[in-house]
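Here are a few friendly notes to read alongside the model. Have the viewer open as you go through them.

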Amino acid sequence: MTETGGRRPGRAWIARLGPRGAVELDRAASPRAVVEDAVARVGADPVRWAIELNSVVVRRIVGEVPALGGSPAAVELLRRGNEATTLRALFTLVEGPAAAPPTDEAIMEGIHEFVHRAVPLERVLHGVRIGHAATTEAFLRACAELVDPEAAVDEVTAVSRELFSYVDDLSDTMIRAYLVEHEVWSTSAAAARADIVRSLLSDATATATDVGEASRVLGYDLRRTHEAVVVWSDTPNGSSTLQAAATEALRARGATTTLVVPVASGRLWAWGTVPSDGTRRTASWESIAEGLSRQGTQAAFGTPGGGVEGFRRSHREAQRGERIERLRREAGRVPRHATAYADVAAIALLATDLDAAGDFVRRELGGLATRTASMEALRTTLYHYIGAERSLADVARRLHVARGTVTYRVKRAQEVLGHGLDDRRFALHTALALAEELGDAVLQPNSPVRQPNSPVRHPNSSVRQTNKSVSQPNRRPES
């Protein structure tokens, strides 16, 4: 027997579920039609609750099983699939198991992604278990809070049993889907190419025979000089767009042949063979960045290198360049669509250990490392002032401010520092460069200006909008 609208007796408490924060339905990872169907079946507030819960659960999954992330687009794909399972869990509790088939398109997209990225099945299932535990905990806690105490024990037991059965069926279906997809993928040419590339990147003992055979299978001469690039986008789909962007960018860099290997949703690796005698003609970085921007992508380039070792080294550099761009994005910096490793190598090396880099910046800058708009203006001005060999005119022109403003800011920055600019000049300029590029990742939490050389605590990073001049912090929305 069911209640009106398909609800089962005793489950009225689900209609009282609601998010703790402000959650709009358009924050859902699922398509609009799916969200509208969910609202019609269980109500708007329970759907908002599920959206909020999904964000928390996905962060936990990626935190404990990083292989299930890999790129912003891959995380978004994971968010879409996990949201589908959360909504279907709601349907199961409200309408019964028959109302919630264990898989849908979003979940199958995730399986496809994991197989193609060579994520082992056991890690996929580990993520499922983590998600199930966190989701079940949230449902049971809500049940205990919303159900009459006299009926709470029986209802918690029933909910636990039904969710376990649902996830058990889901896991079985995912295992079968993974194995089928894996069998198809493992026999494809694309899989063979991806396996060869991963082997080349991890094995430094490849022989000339191995290299020759790998070149033949890849259709790409590994004995030449290579320039690597990592291309990514925040859009989960669009592999063809990424491949076109990578090929176009490498051609603009003078590549005569290219090798492209998709590695995650919204992310791929690529290489191009370039002349080793310095005769290649390349487009400007500005025009390359403009082309990438039109396609909604970003790219980080390594420096050219010869043979398999150059193939590896250029790729490592491209990955480091990508990491710097992701850190800059977290700091709210304006994205650069094309990043040359040669331009960010010093920052990339200094930020290899981000915790140590933060300690260094806060120690060298003292109160100047405080996260405020005024301190940011002082840091940026002082950074350019030292770099311009103390030319007030150059700094004023670069920052579009008056010379008097530059003079004031430099004087004020020295007051906050508590010492002159010639004291530990190299360390000071290095710390300012890190703060300029990485922002909040290496700065103090918002607080009043500290006295020079006073001890500081290691901050938790946060996200804010900023640019090269001055801007106001933008707090991360709670979820």
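1. In helix 9 the buried residues (under 20% relative accessible area with a 1.4 Å probe, protein chains only) are Leu242, Ala245, Ala246, Ala249 and Leu250. They line one face of the helix, because they fall within an arc of 125 degrees when seen down its axis; the arc is taken over directions from the helix axis to the C-beta atoms.

2. This is a predicted model, in which local features need pLDDT of at least 70 and side-chain atom pairs count only at pLDDT 80 or more, while totals for chains, interfaces and linings use all residues. Numbering runs from 1 along each chain as its sequence is written, and side-chain values use heavy atoms, with hydrogens and water left out.

3. What do the buried residues of helix 9 pack against? Their partners are strand 1 (225-232), strand 2 (257-264), strand 3 (267-273), helix 10 (285-294) and strand 4 (298-301), with contact meaning heavy atoms within 4.5 Å. Helices (H or I, at least four residues) and strands (E, at least two) are DSSP runs, numbered from the N terminus.

4. Just after helix 9, do look at Gly254, which has a positive phi of about 95 degrees.

5. Helix 1 (residues 32-42) packs on helix 2 (residues 44-64) at about 125 degrees, with the axes 7 Å apart. Axes are lines fitted to C-alpha atoms, for helices over the stretch in contact, and angles run from 0 to 180 degrees between N-to-C directions. That makes helix 1 oblique to helix 2, as angles under 35 degrees count as roughly parallel, over 145 as roughly antiparallel, 65 to 115 as roughly perpendicular and the rest as oblique. Val35, Ala38, Val39 and Val42 of helix 1 meet Ala44, Pro46 and Val47 of helix 2.

6. Overall, the protein has 17 helices and six strands, and 48% of its 479 residues count as buried.

Note on methods
Buried < 20%, exposed > 50% of the residue type's maximum accessible area, 1.4 Å probe, protein only.
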